[in-house]
Amino acid sequence: MVKYQYHLSYDFTVFIVKKTQVLRPIIPVELQFKENDPIEFTMLIDSGADFSLISQDVAASLGINTKRDPDDTIQGVTGDTSTFTEKVNIRIGMGHKNEYRKEIPIQITKIRGYPFIPALGRDPLFREFDIHFRMGLPTKERKFVLSKLE
Amino acid sequence: MSGRNTMRNINDEYEWVHNQNLKKFKGKWIAVINKKIVGSGLYADDVVKEVKKKTKETPFLIKVPTEDYLSL
C-alpha cells in the first residue's frame, strides 16, 4: 500500500480559451539560483515534459548566466529548441506546514519568452509525489493534489 | 534558501490576482507584492529589475496568458 507523508492540494487555474473553459494545474513556487535573491513564480505542472523548462528571461531574472552555449536540444510538440541546464533550488508549498525544498535541474531555452509559462516537468517531481489530477470531480472538489511519497 | 518564510500567503495572492481585471496585462508578466501589482512587462528579467528599484521584498511573478494561448 502506498503511504504518503503529506498532501498539497491546489485549485486548478481556470482560463477561457476560444470560448472554452480550460483548467490548468499551475502552482506557486519559489526559485533561487545559488545564493541570489529568490523569486516566486507560477509554474505549470507539465506531465508531458521530462524535465522542467524555463525561458531565457526567467533564467536571467534568477541571475543565471544566459550567454552560455546550449548543450542540448529538446524536442517538443512545437519543434526543437536549444537549451542548457542549471541546478536551481525550488520551494513548493510555501506557507503550508509541509514545505518541499529541493535542488532540481532546470532546462533553459535560448529564447526570451519561450516557454510562455515556466514548466515543471516529471523529473524529479513525479518521482517524489503522486500527482492526482481530479478534473472530473464537481467544481468544489475539483483540485489537483501533490501527495508526497514516503 | 531565503525568501518568503512568513505567512504572507502566496496562495491568497494568487487567488487575489485571479479576481483582478488583467486585460491590459495580457501576454505580460506581472509582479505582485502584498496584493499589489508593482511591475509588469514582456520579459521576467526586465520586470524584476523594475521591482528591485522599488523594494527588497520577494516579488511573485505571474504570466498573464493571451486569450488564444493553449499550452502544448
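## Exercises on chains A and B

In this predicted model, 29 residues of chain A are in contact with 28 residues of chain B.

**Exercise 1.** Determine which elements of chain A give two or more residues to the side that touches chain B, and how the residues of that side divide by type.

*Solution.* Begin with the elements: β2 (13-17), β4 (26-32), β5 (39-45), α1 (56-61) and β8 (79-92) of chain A each give two or more residues to the side touching chain B. Next, look for the largest share, which comes from β5(A) with five residues. Finally, sort the residues of this side of chain A by type, which gives 13 nonpolar, eight polar and eight charged.

**Exercise 2.** Find the sense in which β5(A) pairs with strand β3 of chain B, and the residue that stands opposite A:E40.

*Solution.* Strand β3(B) covers residues 60-63, and β5(A) pairs with this strand in the parallel sense over two bridges. Within β3(B), the residue opposite A:E40 is B:F60.

**Exercise 3.** Follow strand β1 of chain B (residues 29-33) to its partner strands, and explain why this strand is largely enclosed.

*Solution.* Take β2(B), residues 36-41, as one partner: this strand runs antiparallel to β1(B), and five bridges join the two, with B:A31 having B:G39 as its bridge partner. The two strands form a hairpin with two residues between them, and B:N34 in the turn has a positive phi of about 50°. Then turn to β3(B), which pairs with β1(B) in the antiparallel sense over four bridges, and where B:F60 stands opposite B:V32. As for burial, four of the five residues of β1(B) are buried, so this strand is largely enclosed by the rest of the structure.

Note on methods: Residues are numbered from 1 along each chain as its sequence is written. Chains are lettered from A and ligands numbered from 1 in the order in which they are written. This is a predicted model: local features need pLDDT of at least 70, side-chain atom pairs count only at pLDDT 80 or more; totals for chains, interfaces and linings use all residues. Two residues are in contact if their C-beta atoms, placed from the backbone, lie within 7 Å. Ala, Val, Leu, Ile, Met, Phe, Trp, Tyr, Cys and Pro count as nonpolar, Asp, Glu, Lys and Arg as charged, and the others, Gly among them, as polar. Two strands pair if DSSP finds at least two bridges between them. A residue is buried if 20 or more other C-beta atoms lie within 10 Å of its own, exposed if 12 or fewer, and partly exposed in between; C-beta atoms are placed from the backbone.
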